[in-house]
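This briefing covers a single-chain model and is meant to be read beside its sequence and coordinates. The points are grouped by topic.

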Amino acid sequence: MGGRRERSHGHGQNHGHDHGHNHQRGHGHGHGHGHGHGVSADADRRWLRGALLLIVAFMAGEVVVGVVARSLALISDAAHMFTDAASIALALWAIRLAARPAAGRMTFGWKRAEILSAQVNGATLLLLGGWLGYEAVVRLIEPPEVTGGLVLVTALVGIVVNLAATWMLSRANRSSLNVEGAFQHILNDLFAFIATAVSGLVMVLTGFTRADGIASLIVVVLMVKAGIGLLRDSGRILLEAAPAELDPAAVGQAMTARPHVAEVHDLHIWQITSGQPALSAHVLVAAGRDCHAVRSDLKHLLEADFHLEHVTLQVDHAAPDHAVPEPARPHCEQAHGPVFRAESGDEDTTPGGGAVCARHAHDH
């Protein structure tokens, strides 16, 4: 039985559209689009460039002092600073890519480049943590001769530089995982310099050279924690998982609680990039009710209660036999996600998802 078709954009456009597969109820779509933005990409780039200049200048100074003083420790730390500079440079490149408009086959643009950047930064934090952890254990077993005074002075200068760089990055939009990845690199380097300063002071005052290894292990724990957090959060986006702060079941139940909504299925919530959640769903409206009014009401609900602005709703009238008991009605051969019904607001997670449809002409 043909349902009422509609495709309505938040920009005031209306046009019809078919998917090339045949549901028992016809397909219709309602779109509501909008995007909220915090700190602008241009502002992010300015703060990141400022931090990058600071890090590169200090890194160059460390190399010079390390060569003059023949200090492997200083040269090694300069290598660590190089990874910080690389993480900021990567973040800047990802911001530039993400600013490209959607075109051709890149229908979402290049926004996921920022998520890939966060993945790389998370992975490098774990790799650095593993390497530093190994070196720290070796130093605990066989502590080398360390010039505590030189370590202390360098660490104090490093604290000042990294405090300034951390402050700059904190001014950028840290809701972006890309910026957060660079921030975590610099923040953990700040922790490393603080730990190095404390260990240097201990070595100067007591001669206890194992303090260097102990301080390094503390920093390793912080690096691993930050790296796992970045990989987890960016992985959720790449795997199209719902944002951590949104419960799809709560969203589906809230939608079916609205007047004249008979059923919601094919409910999908994901993030295009960090801070840009999106939702799509197939909504069945009680027979004889206004699909346009229901779509508008649901769009307002999703934006006001769940902060979902990029919304795609396919809105159809429910078939007259929609009240027929479930076993008597045909199901999709493949589950498309949970089903929410107005009668109880409960979620149906049985195989097939409870969605009523004919066999599809193509896979989703």
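The notes below go from confidence and overall make-up to the nonpolar patch, the salt bridges and the backbone angles.

The model is predicted. Its 364 residues form eight helices and seven strands, and the average pLDDT is 76.

**Confidence**

- A pLDDT of at least 70 is reached by 74% of the residues.
- Over residues 1-39 pLDDT stays under 50. The model has 117 contacts beyond four places in sequence for this stretch.
- Residues 344-364 also have pLDDT under 50 throughout, and here the model has 57 contacts beyond four places in sequence.

**Overall make-up**

- Buried residues make up 47% of the chain.
- The accessible surface is about 18,000 Å². Carbon and sulfur atoms account for 61% of that area.
- Among contacts with a separation of 6 or more, 71% are between residues 24 or more positions apart.
- One pair distant in sequence is Asp 44 and Ser 170, which are 126 residues apart along the chain. Their C-alpha atoms are 9.8 Å apart in space.
- Asp 44 belongs to helix 1, which covers residues 41-69. Asp 44 counts as buried because its relative accessible area is 6%, under the 20% cut-off.

**Nonpolar patch and helix 6**

- Phe 191, Ile 194, Val 198, Phe 208, Ile 214, Ile 218 and Leu 222 make a nonpolar surface patch of about 570 Å².
- Helix 5 (177-206) and helix 6 (211-238) each contribute at least two residues to this patch.
- Leu 222, one of the patch residues, sits in helix 6. Leu 222 has a relative accessible area of 33% and is therefore partly exposed.
- Helix 6 contains 28 residues. From first to last C-alpha, helix 6 reaches 41 Å, close to the 40 Å expected at 1.5 Å a residue.

**Salt bridges**

- The whole structure has five salt bridges; three of them are described here, starting with Arg 232 and Asp 233.
- In the Arg 232 and Asp 233 pair, the closest N and O atoms are 3.3 Å apart. Asp 233 is partly exposed, at 29% relative accessible area.
- Asp 297 pairs with Arg 258, with 2.8 Å between the closest N and O atoms. Asp 297 is in helix 8 (residues 291-306) and Arg 258 is in the loop between helix 7 (248-256) and strand 3 (261-271), so this bridge ties together parts 39 residues apart in sequence.
- Both partners of that bridge are partly exposed: Asp 297 has a relative accessible area of 25%, and Arg 258 has 31%.
- Arg 341 and Glu 263 form a salt bridge through their side chains, at 3.1 Å from N to O. Because Arg 341 lies in strand 6 (residues 339-341) and Glu 263 in strand 3, the pair ties together parts that are 78 residues apart in sequence.
- Arg 341 is buried, with a relative accessible area of 16%. Glu 263 is also buried, with a relative accessible area of 0%.

**Backbone angles**

- Most residues other than glycine have a negative phi. Two exceptions follow: Glu 240 has a positive phi near 60 degrees, and His 260 has a positive phi of about 70 degrees.
- Glu 240 comes just after helix 6, in the loop between helix 6 and helix 7. Glu 240 counts as partly exposed because its relative accessibility is 41%, between the cut-offs of 20% and 50%.
- His 260 is in the loop between helix 7 and strand 3, the loop that also holds Arg 258. With a relative accessible area of 37%, His 260 is partly exposed.

How values were computed
Residues numbered from 1 in each chain as written. Predicted model: local features only at pLDDT ≥ 70, side-chain atom pairs only at ≥ 80, totals over all residues. Heavy atoms only, no water. Helix = DSSP H or I, 4+ residues; strand = E, 2+ residues; numbered from the N terminus. Buried < 20%, exposed > 50% of the residue type's maximum accessible area, 1.4 Å probe, protein only. Contact = heavy atoms within 4.5 Å. Areas by Shrake-Rupley, 256 points an atom, 1.4 Å probe, with all protein chains shown as cover. Patch = residues over 30% accessible without salt bridge, like charges linked within 9 Å, V, L, I, M, F, W, Y side chains within 5 Å. Salt bridge = Lys/Arg side-chain N within 4 Å of Asp/Glu carboxyl O. Expected span 1.5 Å × (residues − 1). pLDDT = per-residue confidence, 0-100.
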